[in-house]
Amino acid sequence: MIRQFTYLVLLVSNLTYAQLSVRNDSFVFVKNQVVFVNKDINLNESESRIYLRDSGQLVQGEENERNTGEGELSVYQNGNVDAYEYNYWCSPIGNKNSSADNNTFGISFLNDVIDLTTSTPATFNHSSNYNGTSSPLNIEPYWIWKYIASTGYYGWVHVQGNTTINPGEGFTMKGTSGSSASQRYDFRGKPNTGTIPVQVETGKTSLVGNPYPSALDAAAYIHDSENQTVIDGTLSFWEQDPNVNSHRIRDYQGGYSSYTISADGKLITFTPATFKTYNGDGTINTNSGGTASKSLANSRYLPIGQGFMVSGIASGFVKAKNSHRVFKKENVATDSSTFFKNTFNKQFSQNTSSNKFSKVPLTYQRFRLNIDFNNQYTRQLVETFHENATTGFDYGLEIKTSLDKSLKSDACLRTESQDYLAQALPFDDNTTIPFVVKIANDMPLAIRITDIQNINISTPIYVHDKTLNTYVNLRHQDYLTQIEAGTYSNRFEITFSKNEETLNTQSETLSHFNVFQNNRIAELKIYNPDHIDYKQFQLIDVTGKQVINKPIRSINTNQVFSTKALSNGVYIARILLKDNQIFTKKVVINNLK
């Protein structure tokens with residue numbers, strides 16, 4: 001019997017077929033391995049099956065072949081959010097029928113797992129609270145939407161329970177209550193294969209994804225010669241804060257992470273969403289709101305079911321192809337695919353690392369700027385250096401953005417009137433890197449640096465505030481300031497100048513200068529053992545209010561200020577030196593009762 005023989009073989013080895021036909025009630029069971037079929041698959045009868053389990057995958061070769069038959073392939077994928085948050089999906093299967101084509105998909109083809117080979121169709125009945133449930137699996141149809149070659153909120157198309165999602169189109173789906181934020185779905189239908197196009201248009205966005213029952217090589221997809229002519233090379237992934245239990249759009253805390261990769265697949269460039277703040281090592285700042293999420297920061301491969309946004313640069317079709325397909329297991333130690341999803345339950349520990357940085361090859365240099373807006377969220381900007389980078393747009397190395405379409409307060413790198421979240425340039429010590437800061441309201445602004453790779457440790461990295469004519473070496477301290485509302489296009493830049501007479505670096509001048517808060521006696525002390533001449537002291541609260549603003553002409557060893565009248569909280573101490581250098585430090589006041 002083919003059933004028993006196939007089961008035993010696939011447990012121990014991968015298989016390759018020119019064509020594959022499964023008849024009657026026979027099945028192919030693929031556990032933790034790959035089946036490669038060069039041409040087509042015929043699941044002849046309605047009871048014919050292929051089961052992909054434990055990272056089992058199906059890869060096919062010929063682009064113009066199509067699968068046929070009334071049987072079905074079954075493959076699992078987990079959505080890791082609860083009933084209030086979205087995952088972005090793309091189905092690996094479609095409606096099963098005898099036609100030789102990839103077919104449309106709807107949530108009626110999602111199933112509730114019973115055992116290894118048995119599932120029951122999920123229901124998709126509307127609930128009064130708009131929540132799906134895990135047991136039994138009921139998917140709330142209101143949250144099923146797609147988005148093709150559109151701009152703005154009204155471009156979303158409401159799919160609900162209809163079978164109108166075309167092959168390769170992505171769709172949104174919220175999770176379920178009672179799933180402990182990890183819902184398993186059994187996709188059952190005819191497996192997609194061959195070249196699968198989705199419409200894109202200039203300046204518009206489309207929700208697409210991996211349409212196959214195998215992993216997809218992001219480098220092959222992005223750098224496909226046809227795709228390079230119609231998309232900008234960036235894949236965008238939705239992130240959402242699971243600590244917000246609301247279906248109201250105005251309550252959402254979320255945003256898009258952005259991803260691109262070099263043609264050789266060796267350099268991944270990833271920028272996170274902006275609704276949270278990050279520590280220097282890439283972990284979540286415990287003082288900010290937000291969530292931790294699995295990211296594609298270290299992964300070249302897109303897993304089964306992954307949906308993402310692409311931006312069009314021309315009208316045409318972005319195409320997924322069999323030549324982009326690979327066998328890569330999900331979430332193994334190395335060289336794996338990673339499904340982009342929130343990974344922690346409600347009220348998770350925010351000390352958990354979530355945004356670990358990918359290691360860049362030795363031929364590249366890199367650093368990241370973390371720009372914090374009132375400690376509410378961080379815009380992270382990526383600067384990469386390579387000898388072959390240009391001052392124009394470098395596809396696969398850079399990620400474009402537009403401040404006009406972004407958050408009310410935001411930042412970007414800017415070269416030749418183009419705005420970037422991630423930028424690539426050739427490097428030398430005389431390079432200057434302008435960046436733009438847009439501020440909605442008067443607020444504290446912090447500029448920090450992290451992920452410094454392959455840049456000589458002796459090379460300073462300064463933020464130059466041209467308005468104040470100050471330089472802060474970000475290797476040694478953060479730049480903290482109070483800033484007024486407005487768009488600052490020509491105020492800030494990064495420089496690597498080593499002109500010691502001009503810069504009078506803080507690492508030398510301020511090597512012993514410091515500020516301390518003594519909460520036991522409610523005093524803030526400026527420690528100045530080298531008798532540095534400074535002329536103004538400010539203490540700024542998290543709302544941007546200057547609670548202390550005192551002109552001082554002092555070279556005294558110490559200055560002391562009482563904090564008894566101040567509320568407990570985080571403050572920024574800002575000291576202006578006589579030579580226009582600025583010393584800043586975050587202090588926490590916690591007056592003991």
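Me: How many of the 6 residues of β23 are buried?
Reply: In this predicted model, β23 runs over residues 235-240. Both of its faces are covered, with L235, F237 and E239 on one side and S236, W238 and Q240 on the other. The strand is largely enclosed by the rest of the structure, because the number of its residues that are buried is 6 of the 6.

Me: Which residues of β23 are buried on the side that holds W238?
Reply: In a regular strand, side chains alternate between the two faces of the sheet. In β23, L235, F237 and E239 lie on one side and are buried. On the other side, the buried residues are S236, W238 and Q240.

Me: In β24, which residue is the bridge partner of Q240?
Reply: β23 pairs with β24 in the antiparallel sense, over 6 bridges. Q240 belongs to the side of β23 that also holds S236 and W238. Its bridge partner in β24 is G254.

Me: Which strand gives the most residues to the lining of the largest pocket?
Reply: The strands that each supply at least two lining residues are β10 (86-90), β23 (235-240), β24 (254-261), β27 (307-311) and β32 (399-400). With 4 residues, the strand that gives the most is β24.

Me: Which residues lie nearest the centre of the largest pocket?
Reply: The space in this pocket comes to about 1,800 Å³. Its lining consists of 46 residues, divided into 20 nonpolar, 20 polar and 6 charged. Nearest the centre lie T205, W238, Y256, M309 and K405.

Me: What share of the residues in the protein chain is buried?
Reply: The secondary structure of the chain comes to 4 helices and 47 strands. Residues 24 or more positions apart account for 70% of the contacts with a separation of 6 or more. Among the 593 residues of the chain, the buried share is 57%.

Me: Is H464 buried or exposed?
Reply: H464 lies in strand β37, residues 462-465. Beyond four places in sequence, H464 touches N469, T470, Y471, R491, F492, E493 and T495. Its relative accessibility is 8%, and the cut-off for burial is under 20%, so H464 counts as buried.

Me: What distance separates the C-alpha atoms of H464 and P434?
Reply: H464 is in strand β37, and P434 is 30 residues apart from it along the chain. The separation of their C-alpha atoms is 9.4 Å.

Me: Which residues is H386 in contact with, leaving aside its neighbours within four places in sequence?
Reply: H386 has its place in the loop between β31 (377-385) and β32. Although it is in a loop, H386 is buried, with a relative accessible area of 13%. Its contacts outside that sequence range are T363, Y364, L425 and P426.

Me: Is S108 buried or partly exposed?
Reply: S108 sits in the loop between β11 (93-94) and β12 (110-113). Residues up to four places away aside, it touches F124 and T163. Its C-alpha atom is separated by 9.5 Å from that of R188, 80 residues apart along the chain. Since its relative accessibility is 28%, S108 counts as partly exposed.

Me: What is the phi of N24, which is not a glycine?
Reply: N24 is found in the loop between β2 (20-22) and β3 (27-31). With a relative accessible area of 47%, N24 is partly exposed. Its phi is positive, at about 55°.

Me: Where does Q160 lie?
Reply: Q160 is not a glycine, yet has a positive phi of about 55°. Its relative accessibility is 35%, so it counts as partly exposed. Its place is the loop between β16 (157-158) and β17 (170-174).

Me: Which residue does a cis peptide bond join to S135?
Reply: The omega of this bond is about -5°. The partner of S135 is found in the loop between β14 (132-133) and β15 (145-146). That partner is P136.

Me: Over which residues does pLDDT stay under 50?
Reply: The mean pLDDT of the protein chain is 87, and 88% of its residues reach 70 or more. One stretch under 50 has 18 contacts beyond four places in sequence, and another has 42 such contacts. These stretches are residues 1-12 and residues 343-355.

Definitions and conventions: Residues are numbered from 1 along each chain as its sequence is written. Side-chain values use heavy atoms; hydrogens and water are left out. pLDDT is the predictor's confidence in each residue, from 0 to 100. Contact means heavy atoms within 4.5 Å. On a 1 Å grid over the protein atoms alone, a cavity is a set of points where a 1.4 Å probe fits but cannot get out, and a pocket is an open set with protein on both sides within 12 Å along at least five of seven lines; lining residues have an atom within 4 Å of a point. Grid points are joined across faces, edges and corners, and a volume is the space filled by probe spheres set on the points. Ala, Val, Leu, Ile, Met, Phe, Trp, Tyr, Cys and Pro count as nonpolar, Asp, Glu, Lys and Arg as charged, and the others, Gly among them, as polar. Buried means under 20% relative accessible area, exposed over 50%, partly exposed in between (1.4 Å probe, protein chains only). Two strands pair if DSSP finds at least two bridges between them.
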